[in-house]
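Please examine the structure shown below, together with its sequence. The paragraphs that follow lead from the surface to the interior.

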Amino acid sequence: MARVVGMFKTLRTHWKKSTVGVCLCAWGGSWVYGKHCDNLLRRAACQEAQVFGNQSIPSSMQVKKATVFLNPAACKGKARNLFEKNAAPILHLSGLDVTIVKTDYEGQAKKLLELMENTDLIIIAGGDGTVQEVITGLLRRADEAAFSKIPIGFIPLGKTSTLSHTLYPESTNQVQYITNATLAILKGETVPLDILQIKGEKEQPVFAVTGLRWGSYRDTGVKVSKYWYLGPLKTKAAHLFSTLKKWPQKHQASLMYLGPTERPPEESEDKLPRAPLYVRIYRRLLQYWSRPAKEVPQEAAHEAWEEMKLSTIELSITTRNRQLDLTHTEDFMNICIEPDTVSKGNFINRGSQKMLDPQMCPEGSLCLQASKCILKLPEACEPEEDSKLPENNRISLAPWLKPSTQHTDRQVHPLAICGQLPDKEPTY
């Protein structure tokens with residue numbers, strides 16, 4: 001008993017050291033417990049993946065090939081370690097023939113996709129920028145109609161993974177995001193997502209999954225990392241210094257847009273049985289003897305384009321992937337035009353909010369829905385998602401567009417992205 005009393009007296013006498021020690025022990029215990037929970041998640045995911053690997057396949061069937069595009073520079077250079085520790089064991093235990101392609105520089109994924117041979121599954125391991133590069137390289141291929149039917153898996157490893165919150169809403173930490181994403185790939189759970197085509201006057205089109213931004217918030221957000229030495233105040237400091245250099249910050253442009261359009265029905269993949277020989281002969285003879293009908297010229301449908309001049313602090317164009325609705329029948333993208341009458345205080349606070357939620361559309365903004373739009377800029381600008389887009393003064397945008405020689409000839413086609421939707425059955 002005397003020892004216990006002496007211990008409490010010592011703690012009371014050295015209360016500062018005791019407080020620091022208790023805080024360190026609490027933090028260390030929380031860290032150890034978090035690591036233990038992560039190990040349990042990895043073990044459960046590996047056991048579930050091993051079930052897929054133990055399944056027998058017919059001798060005539062080949063092992064499925066999976067091509068992984070890994071961006072080691074994502075998440076400040078931690079992406080490679082995250083992938084090898086959390087995702088790679090699950091993929092190998094599942095029995096897939098995994099080929100890992102590591103990108104060394106920005107834009108390399110686009111070039112590699114153009115040269116890639118046939119594969120059964122494409123897996124993107126990185127952030128939003130890696131997704132944009134792979135999707136762009138995929139849809140630039142000459143045989144993109146066939147390659148776009150290949151399921152695409154996304155393993156969120158980047159610092160900004162906007163798409164992961166849509167595909168895996170039930171995940172709470174990074175390890176759970178990675179394990180749930182990898183298991184969703186193995187299960188074949190796919191969700192169709194909107195693709196935004198961004199086309200300049202001369203450059204090849206660029207494709208985005210989330211959208212693009214053009215304005216002061218986006219320009220200031222790129223410079224936040226320069227003020228790393230300010231710690232948690234670096235975001236507000238970057239926006240504060242931006243107001244000191246130039247104010248008010250107004251961006252003027254001309255916008256032409258077309259309202260929402262009906263989505264064409266999806267083509268059925270089931271082929272009709274071939275007609276008997278005598279039926280085909282009868283049809284050929286009937287077609288040969290019958291007189292050709294006179295073709296009545298049809299007037300091209302007039303598209304009701306609307307044009308407006310705008311002055312804004314930022315313009316953002318986003319897809320509807322954030323709130324997935326698999327039953328919608330219209331094609332359109334959301335355009336948010338923020339007013340240029342913003343005080344410096346609101347600019348700093350709103351800039352901090354946009355760093356956490358880039359797709360936020362504040363109150364008082366003009367919201368439009370358009371199936372196509374043409375943005376005419378006064379000078380060369382760079383409206384970007386995560387990498388460089390066409391640098392010119394005329395940019396055309398449209399959702400779910402298939403590249404073609406005629407701008408008005410559109411064909412809708414979704415891309416299958418592996419993910420999870422709560423309370424909804426996955427589409428295959």
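In this predicted model, Tyr 229 is located in the loop that connects α10 (216-222) with α11 (234-245). Is this residue buried or exposed? The relative accessibility of Tyr 229 is 53%, and the residue therefore counts as exposed, since the cut-off for that class is over 50%.

Tyr 229 also belongs to a nonpolar patch on the surface, which covers about 760 Å². The other residues that make this patch are Trp 228, Leu 230, Leu 233, Leu 240, Phe 241 and Leu 244.

The next residue to consider is Trp 247, which occupies the loop between α11 and β9 (251-258). Trp 247 has a relative accessibility of 29% and so counts as partly exposed, because that class lies between the limits of 20% and 50%. Along the chain, Trp 247 and Ser 343 are 96 residues apart, yet a distance of 9.6 Å separates their C-alpha atoms.

Attention may now turn to the interior. How many cavities of 30 Å³ or more are counted? The count is two. The largest cavity has a volume of about 60 Å³. Its lining is formed by Thr 162, Leu 163, Thr 166, Val 209, Thr 210, Thr 319, Asn 321, Arg 322 and Gln 359. When the residues lining the largest cavity are sorted by class, six are polar, two are nonpolar and one is charged. Among the lining residues, Leu 163 and Val 209 belong to the nonpolar class, while Arg 322 belongs to the charged class.

Technical notes. Residues are numbered from 1 along each chain as its sequence is written. This is a predicted model: local features need pLDDT of at least 70, side-chain atom pairs count only at pLDDT 80 or more; totals for chains, interfaces and linings use all residues. Side-chain values use heavy atoms; hydrogens and water are left out. Patches are made of residues with over 30% relative accessible area and no salt bridge: like charges are joined within 9 Å, nonpolar side chains (Val, Leu, Ile, Met, Phe, Trp, Tyr) within 5 Å. Accessible areas come from the Shrake-Rupley method with a 1.4 Å probe; for residues, only the protein chains shown count as cover. A salt bridge is a side-chain nitrogen of Lys or Arg within 4 Å of a carboxyl oxygen of Asp or Glu. Helices (H or I, at least four residues) and strands (E, at least two) are DSSP runs, numbered from the N terminus. Buried means under 20% relative accessible area, exposed over 50%, partly exposed in between (1.4 Å probe, protein chains only). On a 1 Å grid over the protein atoms alone, a cavity is a set of points where a 1.4 Å probe fits but cannot get out, and a pocket is an open set with protein on both sides within 12 Å along at least five of seven lines; lining residues have an atom within 4 Å of a point. Grid points are joined across faces, edges and corners, and a volume is the space filled by probe spheres set on the points.
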